Amino acid sequence: MKVKSFLGGFDKNFSYLIWCEKTKLAAVIDPSTEPLEILESIESRNLILSKILITHTHHDHITYLNDYKNVFSNLMIYSFHNSINLKEDYIGLIDNEIINIGEIVLTTLHTPGHFSDSVCYWNKKNKYLFTGDTMFVSRTGRVVGKQSNINDLYNSIYKKILMLNTETLILPGHNYGFKPSITIKDSIKLFDFFQCSSLEEFKIVMMNYEKNR
Ligand SMILES: [Fe+2]
């Protein structure tokens, strides 16, 4: 499995191009950055873009969806079922679903909190987790918008993400930290967002963050 990140979009967004070296099948996770560089990358490697995977349907994460649809007619679009802001046809995901891109196996984790239709895409074999806006390098996503819920976010972080192998690499939806990606282990070591022993503690950390930002 190969992964290449692209930075741009609305606010230091990351799109990821992932591909299977054996079959050349590829997917883009979040069409959130200007697609030209990604399309060039697909072409220069002779990849076949077959899927677009959406981490959640906040508008900045789906901005360039149509650009891909216009170029690749058989593209399959995946997003959590009953996605809030998606008008196009798409394949509605549930929690714990398997997606194959050639020999790459991804598992979906439904991780509401920042947004109700948030999913993470997990590659168990290589220990990659594409977290969208659920978890960044240094903090979690915020819960100040519509369809946000702090209880849900706590459960998504503490009962799903932090339960994975701690060597797992977090590949977030925005470049908001001191480096582009980080392991779960280092996230727990360095940041109080991931050191809470209860929902109440987590609410205090989140409140302090909002107060001081
Ligand atoms: Fe978002």
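Biologist: What share of the 213 residues in the protein chain is buried, and what makes a residue count as buried?

Modeller: Buried residues make up 41% of the 213. To count as buried, a residue needs 20 or more other C-beta atoms within 10 Å of its own; 12 or fewer makes it exposed, anything in between is partly exposed, and C-beta atoms are placed from the backbone. Keep in mind that this is a predicted model, where local features need pLDDT of at least 70 and side-chain atom pairs count only at pLDDT 80 or more, while totals for chains, interfaces and linings use all residues. Residues are numbered from 1 along each chain as its sequence is written.

Biologist: Why is the protein chain called as compact as a globular protein of its length?

Modeller: Start with the inventory: 5 helices and 12 strands. Those are DSSP runs, H or I over at least four residues for helices and E over at least two for strands, numbered from the N terminus. The radius of gyration, taken over C-alpha atoms, is set against a globule rule of 2.2 Å times the number of residues to the power 0.38. That rule gives 17 Å for 213 residues and the chain comes out at 16 Å, which is close, so the description holds. The C-alpha trace spans about 50 × 35 × 30 Å along its principal axes.

Biologist: How do you know which strands pair in the sheet that contains β1?

Modeller: Two strands pair if DSSP finds at least two bridges between them. β1 (residues 2-8) and β2 are joined by 7 bridges and run antiparallel, with Val 3 opposite Ile 18. β2 and β3 (residues 25-29) are also antiparallel, over 4 bridges, and Trp 19 has Ala 26 as its bridge partner. Then β3 and β4 pair in the parallel sense over 5 bridges, with Leu 25 opposite Ile 48. Finally, 3 bridges join β4 (residues 48-53) to β5 (residues 76-80), again parallel; Ile 52 faces Ile 77 there. The full order is β1-β2-β3-β4-β5-β6, an open sheet with mixed pairing.

Biologist: What makes β1 and β6 edge strands?

Modeller: β1 and β6 (91-93) each have a single partner strand, so one side of each is left without a neighbour in the sheet. From one strand to the next, the twist averages 25 degrees.

Biologist: Which turn residues take a positive phi in the hairpins of β2?

Modeller: Gly 9 does, near 75 degrees, in the hairpin of β1 and β2 with 4 residues between the strands. Lys 24 does too, at about 70 degrees, in the hairpin of β2 and β3, where 5 residues lie between them.

Biologist: Why is β2 called largely enclosed?

Modeller: 7 of its 7 residues are buried, so the rest of the structure largely encloses it. Both faces are covered: Asn 13, Ser 15, Leu 17 and Trp 19 on one side, Phe 14, Tyr 16 and Ile 18 on the other. In a regular strand the side chains alternate between the two faces of the sheet. β4 is mostly covered, with 5 of its 6 residues buried.

Biologist: What makes a set of residues a nonpolar core, and which residues have the most contacts inside the largest one?

Modeller: The members are buried Ala, Val, Leu, Ile, Met, Phe, Trp, Tyr and Cys residues joined through C-beta atoms within 7 Å. The largest core has 47 residues, and Leu 17, Ile 18 and Ala 26 have the most contacts inside it. β2 (residues 13-19) gives the most to this core, with 5 residues. Leaving aside residues up to four places away in sequence, Leu 17 touches Lys 4, Phe 6, Ala 26, Val 28, Ile 38, Ser 41 and Ile 42; contact again means C-beta atoms, placed from the backbone, within 7 Å.

Biologist: What makes the unit of β3, α1 and β4 right-handed?

Modeller: With the strands pointing away from you, the path from the first strand over the helix to the second must run clockwise. β3, α1 and β4 make a right-handed β-α-β unit by that test. The crossover from β4 through α2 (residues 65-71) to β5 is right-handed as well.

Biologist: Where does α1 lie?

Modeller: Helix α1 (residues 36-44) lies across β1, β2, β3 and β4, at about 10 degrees to β2. Axes here are lines fitted to C-alpha atoms, for helices over the stretch in contact, and angles run from 0 to 180 degrees between N-to-C directions.

Biologist: Which strands stand at the edges of the sheet ordered β7-β8-β9-β10-β11-β12?

Modeller: That open sheet of 6 strands has mixed pairing, and its edges are β7 (98-101) and β12 (182-183), each pairing on one side only. β11 (residues 169-172) and β12 run antiparallel, joined by 2 bridges, with Ile 170 opposite Ile 182.

Terms used. Two residues are in contact if their C-beta atoms, placed from the backbone, lie within 7 Å.
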